[in-house]
Each structure stands twice: as C-alpha cells, then as structure tokens.
Amino acid sequence: MSGDTIDAFLASATPGQTAVCTAMLESEIAHRDRARRSRLIRQARLPIPKSTEGLDWTSVSFPDGRGREEMLSLGFISAAEDLVLFGQAGRGKTHMATAPGIAAASAGHPVRFWQTAQLVTRPGKARREGTPGRLLADVGRSRLLALDEFGYVPFDADGARLLFQVISESYERQSLVTATNLEFSRWGTVFGDDQM
C-alpha cells in the first residue's frame, strides 16, 4: 500500500476501524514471518532437524576465548566467522552442525547443509544439466553453510576445485561450519593439493 492510501485511511478511520486493521496487518506479518522461517528450514536441507537440547556437551571443548554460549548466540554468523567441529566418528559433530543451522534458519538466516561428498559430485551433474552457475549461486545465498563429513570420502580434481572455490568465496562473507574427523594438517589429502 502506498503512504497516501494509508494516510487517507487513517484520516477518516474510527479508532475501532484502526484497531481492526492493525490487528489484521499484525496477523498477516506474523503469518508471513512464520512461513518464511519454515521455508528457510526446508531450504537448508538439514538431514534431521536437531536442536541443542539433548546434545551431550561433556566431551566438547572449545578454543581459548570461545565457548558454547557464543556458538549458541549465533554471533559468529553476524561476524562471518567459521566453526570447525573436529572429532572421531559418532561424537555428535553432525548434531552440532545441524543445531546452529536450525537456530539460524529460525532466526531468519538462509542456511545450506551439505554432506561434503554430495556437494563435490554436483559439478558433473550441473555441467550435464547445463546449470553450473546455479550451484554456486545457491551456496552463496546462505549466511551459514554447513559441510558435514569433510574428508570422509575421497573425490576427484573437479570436486576439489569446487570445494576450494566454495570455501574461498565464503571467506568473510558467510559462516562455514565444517564437521570432520581429520586434523587440519591432513586437509591437503582431501584437496589432493597442500596449497589448496
């Protein structure tokens, strides 16, 4: 509605009409907000929606100056900072990557969740379908990108280049959550190139 239409209505409306109109508009805004958040959670492609409730924090440690509260506040997303969730299989890394994704989507942030092996096989499919730019555009729209099972499955040179491009393009623009069982010194084996 234009400002002129609203001004004309307010100039002639009774207090009761104004109250009814205000209630209707507030209800519509709330409905649109709920629908948007629900859509963001669906678009995130999270494997199983899990919150931080029920997460076993006893074996989780954080670097100095960082902690659970900071992660849960989602402040790292506003700062475009990254999280690396490192540990052995079965320790809850996927749960810890999913929980901020749910919270971020619920807070209105676009989120994308990928198992790394699925992401790196996409360039070939995108080339066959004639849509190579669409994948990077989809990844780039997110404020939080989660890469699960990083380093679990080897992939080809095209996949390594795509993964490198995704990570480098996210730098200081979006937050990246990486769940892996590989210590950083071995990430060169994932890319097939220590420089990458």
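Angles between helix axes count as roughly parallel under 35 degrees, roughly antiparallel over 145, roughly perpendicular from 65 to 115, and oblique otherwise. Keep those limits at hand for the helix pairs on this tour of a predicted model.

**Stop 1: α1 and α2**

Select residues 3–12, which form helix α1, and show α2 alongside; their axes come within 8 Å and cross at roughly 140°. The two helices are therefore oblique to each other, since angles outside the named ranges, with antiparallel starting over 145 degrees, fall into the oblique class. Now display side chains at the contact. From α1, pick Phe9, Leu10 and Ser12; from α2, pick Gln17, Thr18 and Cys21, which they meet. Colour this contact by class and three residues come up nonpolar, three polar and none charged.

**Stop 2: α2 and α5**

Keep α2, residues 15–44, and add helix α5, residues 93–106. Here too the axes come within 8 Å, and the crossing is at roughly 150°. That makes α2 roughly antiparallel to α5, because the angle lies over 145 degrees. The crossing of this pair is right-handed. For the residues in contact, select Arg37, Leu40 and Ile41 on α2, then Ile102, Ala105 and Ser106 on α5. By class, the contact of α2 with α5 holds four nonpolar residues, one polar and one charged.

**Stop 3: the largest pocket**

Stay with α5 and turn to the largest pocket, whose space is about 570 Å³. Its lining has 21 residues; to centre the view, select Ser61, Phe62, Pro63, Val84 and Leu85, which lie nearest the pocket's centre. Then highlight α3 (68–73), β1 (83–86) and α5, the elements that give two or more residues to this lining. Which element gives the most to the lining of the largest pocket? Strand β1 does, with four residues. Coloured by class, the pocket lining shows ten nonpolar, five polar and six charged residues.

**Stop 4: the cavity**

How many cavities of 30 Å³ or more does a search of the whole structure find? There is one, and the largest cavity holds about 40 Å³ of space. To display its lining, select Leu136, Val139, Gly140, Val166, Glu169, Ser170, Arg173 and Gln174. Helices α8 (132–140) and α9 (157–170) are the elements that give two or more residues to this lining. A last colouring by class divides the cavity lining into three nonpolar, three polar and two charged residues.

Technical notes: Residues numbered from 1 in each chain as written. Predicted model: local features only at pLDDT ≥ 70, side-chain atom pairs only at ≥ 80, totals over all residues. Heavy atoms only, no water. Axes fitted to C-alpha atoms, helices over the stretch in contact; angles between N-to-C directions. Left-handed = near helix turned anticlockwise from the far one by under 90°. Contact = heavy atoms within 4.5 Å. Nonpolar A, V, L, I, M, F, W, Y, C, P; charged D, E, K, R; others polar. 1 Å grid on protein atoms, 1.4 Å probe; cavity = no way out; pocket = protein on both sides within 12 Å on 5 of 7 lines; lining within 4 Å. Points joined across faces, edges and corners; volume = space filled by probe spheres on them.
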